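Welcome to this short tour! Open the model in your viewer, get the selection tool ready, and follow along one stop at a time.

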Amino acid sequence: AMSVMLVAIVGFYKLLVHVNPTTVALTFLLFILLLAANWGLRFAIVSSIAASLAFNFFFLPPIGTFTIADSQNWIALLVFLATALIASNLSNRIKEEAEVSNRRRRELELLYDFGQRLLLTESEADLLKSIPGSIVTAFRTAGAALYLSDGDRLYFSNAKDIQVSIDAMREAVHSSVTRTPDSSTDPAGPHALLPLNVGVKPIGSVWVEGNLPSSETLEAMGSLVALSIERAGAVDKLARADASHESERLRSALLDSVTHDLRTPLTSIKASVTSLLSRDALTPPQRIELLTVIDEESDRLNNLISQAIEMASLDAHEVQLELAPHPVQEVVTKALETCHDLLKERRVEIRMSDSLPKVLIDPVWIEKVLVHLLENAAKYSPEKEPIFISAEREGPAVAVSVADRGIGIDPMEQSMIFDKFYRGQSQRFRVQGTGMGLAISKAIVESHGGSISVTSQHGSGSVFSFSLPIA
């Protein structure tokens, strides 16, 4: 093809269009540049020499010989040859740099894809198992293996196809990257061994074989693997620390609850039973009073145990909800009937439209939420102050609110009042309770696909709101 193009250029200018030697030289130069850009420097050099000879033989006098009569034409020919060679070299260099740039761009895309795969796995155990497979998938290599010094563990993408021993990977932990360029020098074929380091601490090594990327990409891949392992380990440690902290907090809260809410009724029951069993003569009214105390305190204990069982069932997702369309007004009416004795001296104002759409709920459980909120409103606000119940549509849900005019909730405590066993610092010894009512309410509302929140200003009351999906 190169010879045909040269012959075509010579024939065109020799037989069809007669031009001066400068035009011919520029045409040859353009041909050589295109050749260098598409085929490479080797072909461009051969073409430069061939074009110089053709230029001399066909276009520089005396025509038809390689002899040059005019000394200036010697200079012109040498300048043409030098220009062709220099331009070919520059064109070839640009082509090579473009290819290197495209290769690096593709490898960066592969590194990004590989990094995304590592970030998708949170568990350290799952991450370690997936790393060799992710290397093979992201970089299209033949196989990969991961060795970790901690625990002397080895993971394969495919154990049958990997040509490396655990001893070699142990030795590679403290070595630099090694690479075999072709399969003729090593039965394992092209491969690389990369040490994994977190800072200056070696943690393991990676074996990659077949279709290897550049050494820079291999080093970047090793850094990503080391960082992902360290990140997953840190996440697991943080999760364990958070779980330990939460367990300790719940243990303290439970101890506080048990100390106050269990010991108080037990103490009353014990004192009443002791009095009843004493030899001292008791009048019938006194006996009835002690039996009444035992009955009331037993109900308190039963309520505490029932709430604990309820909370455990909700946490374990063992509650089967019977969801069906129901009007909000129906649930509000039932909750007010349940709280009749508690609210008989209290004014309750209901503000909701009759045109509210039905909501998809289990009415038995949502009634429990409203009862908890009404009981709290009654406990934490003066008896003469009213309680307000309202409902309105908010997008795809109906928001139900219970408001009181009590002392309000401190801003620092508003984010904690929905936690199990948590009770306000200023109220825990003044008002009876287990600290589980709001936690149960939150679990119930969230199991319905809604959310619950509180808005409160210290000294001006509180508004508890929860949303329910429209049927």
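Begin by selecting Glu385, which is partly exposed because its relative accessible area is 27%, and partly exposed means a value between under 20% for buried and over 50% for exposed. Keep in mind as you look around that this is a predicted model.

**Stop 1: a link across the chain**

Which residue pairs with Glu385 in a salt bridge? Add Arg405 to your selection: the closest N and O atoms of the two are 3.9 Å apart. This pair links distant parts of the chain, 20 residues apart. Arg405 is in the loop between β10 (397-403) and α12 (437-447), while Glu385 is in the loop between α11 (363-379) and β9 (387-394). Arg405 has a relative accessible area of 45%, so Arg405 is partly exposed.

**Stop 2: a pair in helix α9**

Now select residues 328-338, which make up helix α9. Show the side chains of Lys334 and Glu330, two residues of this helix that are four residues apart, about one turn. They form a salt bridge, with 3.8 Å between the closest N and O atoms. Are these two residues buried or partly exposed? Lys334 counts as partly exposed because its relative accessibility is 37%, and Glu330 is partly exposed with a relative accessible area of 27%.

**Stop 3: a pair in helix α4**

Next, move to helix α4, residues 71-119. Pick out Asp113 and Arg117, which also sit four residues apart, about one turn of the helix. Where their salt bridge forms, the closest N and O atoms are 3.1 Å apart. Asp113 has 27% relative accessibility and so counts as partly exposed; Arg117, at 30%, is partly exposed.

**Stop 4: a network**

Select Arg347, Glu349 and Arg351 together, and you have a network of linked salt bridges. How many salt bridges does the structure hold? The count is seven.

**Stop 5: a nonpolar patch**

For the last stop, select Phe12, Leu15, Leu16, Val17 and Val19 and turn on a surface view: they form a nonpolar patch on the surface. Together, these residues have about 470 Å² of accessible area. Zoom in on Leu15, one of the residues in the patch, and you will find Leu15 in helix α1, residues 2-16. Why does Leu15 count as exposed? Its relative accessibility is 67%, and the cut-off for exposed is over 50%.

Terms used:
Residues are numbered from 1 along each chain as its sequence is written. This is a predicted model: local features need pLDDT of at least 70, side-chain atom pairs count only at pLDDT 80 or more; totals for chains, interfaces and linings use all residues. Side-chain values use heavy atoms; hydrogens and water are left out. Patches are made of residues with over 30% relative accessible area and no salt bridge: like charges are joined within 9 Å, nonpolar side chains (Val, Leu, Ile, Met, Phe, Trp, Tyr) within 5 Å. Accessible areas come from the Shrake-Rupley method with a 1.4 Å probe; for residues, only the protein chains shown count as cover. A salt bridge is a side-chain nitrogen of Lys or Arg within 4 Å of a carboxyl oxygen of Asp or Glu. Buried means under 20% relative accessible area, exposed over 50%, partly exposed in between (1.4 Å probe, protein chains only).
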